[in-house]
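Here is a walk through the sheets, the cores and a few odd backbone spots of one protein chain. Keep the viewer open while you read.

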Amino acid sequence: MSNFAELVQSTREAFYSGKTRPLEFRIKQLQALKRMLEENRHEFHAALNADLRRSKFENYILEIDYTINEIIHLLRHLKEWAAPERPTKTFVNALDEIVIYKEPYGVTLIMGAWNYPLQLSIAPMIGAIAGGNCVILKPSEVSVATAKLINELIPKYLDNECYKVFCGGTNETTELLKQRFDYIFFTGSTTVGRIVREASNKFLTPVTLELGGKSPVYIDNTADLTVTVKRVLWGKFINVGQTCIAPDYILCTPEVQNAFVKEAKKIMKEWYGENPQESQDLCRIVSDKHYQRLTAFLSNGEVAIGGQVDPADKYISPTILINVRPSEPVMKEEIFGPILPIVSVSNAYEAIKFINEREKPLALYIFSTTLEDVNLILQNTSSGNVVVNDTILHMTVDTLPFGGVGLSGIGAYHGKLSFDTFVHPKGCLIKNFNIIGETLASARYPPYSEKKLKVLSLLVAKRPDIPGIRYLPHLLMFGLGVAATFGIRALMKVQKTGMR
């Protein structure tokens, strides 16, 4: 649709109709989305393969099955998460009802990314649907085949008034961002993230920005190097390094570096054979533009492993660089490809200093069996997430928030947070006309006096939580009922005595 205002307005009208608010409707839409993924597994694999030449293993594990499991997890807990919360009450509100309602924002714009074009489009959409919102989904135009398939399938499975797909390039997206949305969820580069944030500021629209950055790996001499090399290389070379939380560079001593490179040669030969370009387990760089940017990094430092390229195939072999200077381009921007630089440091203190002199990363990986060093790095650095003695896998833990800090992002999602991200917690104080409550609260009314001030100060003073205070109104009513009963009986007794 070229009329962006009409697109947003029609979606807003669908939201105001109240269609998305009932839980039953949300559940049916999520079940339909799950069915869409299950019934079109082969089609999604083919599209992902066309965009990234990625193996079936990675397509299923990292995108298709991952997203299906995200829906299953949310469906299991949606009724619980969507239920109104009744937080603890203080003495001054003992007679009142305090409730937090989970209110949908309205029309949400979700902008997916090309490196995981299915997962990073649909996973946020799951949370938005669960929260009761309408959604305009903008898949990345870089992953053409997957965007086209999403655009074809979603109208066949989901409500067409409430959930719409918009496909377009930079110009169209720029125009779309001029519209007023109630929430924007963007996954992509920090550069574009700044543009999205600037556009959201016009209407003070809340945003989640899932960005990236240079995620460091610190390895000390206590780590099990055979396991460490496997875990680092796997995290680096899945999706051929085109992962926002991929290990970006290694910090270690020269001794650890030499041992790492030696072990890495064996592991990569075992995984990808003598000629990695022939391996079916390595995908390709997504575009010529990205390929050209990455090949320029190969002149930084010294190639210890790999370095082979093929522009016709958009192929860059898994590469490790050594003797890399911190000032070189490969250490200045997020790599997002199969190139892994190693920078020498003497100890954990130097690693902390190196990390803190740069922007806050989306992920930080620590390989060590020395608890003191692990805690030292944890407590003296800031990052979106931390994984100790592994890489990448924190994104699979439903109960951990996934998101960045500083230039690596704003906000988090996954699991319950995928629901919480797309709802506004609306606090409600519900009072009644109970005579006891009104008598106590009348101290707030003019004319003011010292006596009223003391009463009010006593009422609002913070006290330790009183167990069972939520039942106080019921106890008071019970007490009043008992008192009334005895009062009536006493009155009747007096009347009988008078009659005698």
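In which sense do strand β7 and strand β14 pair, and over how many bridges? Keep in mind that this is a predicted model. Strand β7 (residues 216-219) runs parallel to strand β14 (residues 363-367), and 3 bridges link the two. One pair to look up is Tyr218, whose bridge partner in β14 is Ile366.

**The seven-stranded sheet**

Both strands belong to an open sheet of 7 strands with mixed pairing, and its order reads β9-β12-β13-β8-β7-β14-β15. At the edges sit β9 and β15 (385-388), each of which pairs on one side only. On average, neighbouring strands here are turned by 25° against each other, direction ignored.

Now follow β12. It pairs in the antiparallel sense with β9 (residues 302-305) through 3 bridges, while its pairing with β13 is parallel, also over 3 bridges. Leu321 is a handy marker for both: Val303 has Leu321 as its bridge partner in β12, and Leu321 stands opposite Pro341 in β13. As for the side chains, Thr319 and Leu321 point one way from β12, Ile320 and Ile322 point the other way, and all are buried.

Helix α9 lies across β7, β8, β12, β13 and β14, and it runs at about 135° to β13.

**The six-stranded sheet**

There's another open sheet, with 6 strands in the order β4-β3-β2-β5-β6-β17 and mixed pairing. Its edge strands are β4 (163-165) and β17 (409-410), each pairing on one side only. Strand β6 (residues 207-210) is antiparallel to β17, joined by 2 bridges; Leu209 has Ile410 as its bridge partner in β17. Helix α1 (residues 4-16) lies across β2 (107-111), β3 (134-138) and β4, at about 150° to β3.

**The cores**

In soluble globular proteins, nonpolar side chains tend to be buried together. What does that look like here? The largest nonpolar core has 90 residues, and the members that touch the most others are Met125, Ile219, Leu233, Phe260 and Ile320. Helix α4 (residues 56-82) supplies the largest share of this core, 10 residues. Domain 1 (4-211 + 414-425) and domain 2 (216-400) each contribute at least three residues to this core.

Take Ile219 for a closer look. Leaving aside neighbours within four places in sequence, Ile219 is in contact with Leu225, Thr228, Ile250, Leu251, Cys252, Val256, Phe260 and Phe367. A second, separate core of 29 residues includes Leu251, Val330, Ile335 and Ala351.

**Odd backbone spots**

Two residues have a positive phi without being glycine:

| Residue | Phi | Loop |
|---|---|---|
| Val240 | about 45° | between α9 (225-237) and β8 (249-252) |
| Phe336 | near 60° | between β12 (319-322) and β13 (339-344) |

Are these two buried or exposed? Val240 has a relative accessible area of 3%, so it counts as buried. Phe336 has a relative accessible area of 16%, and that makes Phe336 buried as well, because the cut-off is under 20%.

One more spot deserves a visit: Pro446 and Pro447 are joined by a cis peptide bond, with omega about -5°. Pro447 lies in the loop between α15 (435-441) and α16 (450-460).

Note on methods. Residues are numbered from 1 along each chain as its sequence is written. This is a predicted model: local features need pLDDT of at least 70, side-chain atom pairs count only at pLDDT 80 or more; totals for chains, interfaces and linings use all residues. Side-chain values use heavy atoms; hydrogens and water are left out. A nonpolar core is a set of buried Ala, Val, Leu, Ile, Met, Phe, Trp, Tyr and Cys residues joined through side-chain atoms within 4.5 Å. Buried means under 20% relative accessible area, exposed over 50%, partly exposed in between (1.4 Å probe, protein chains only). Helices (H or I, at least four residues) and strands (E, at least two) are DSSP runs, numbered from the N terminus. Domain bounds come from an automatic or database domain assignment. Contact means heavy atoms within 4.5 Å. Two strands pair if DSSP finds at least two bridges between them. Axes are lines fitted to C-alpha atoms, for helices over the stretch in contact, and angles run from 0 to 180 degrees between N-to-C directions.
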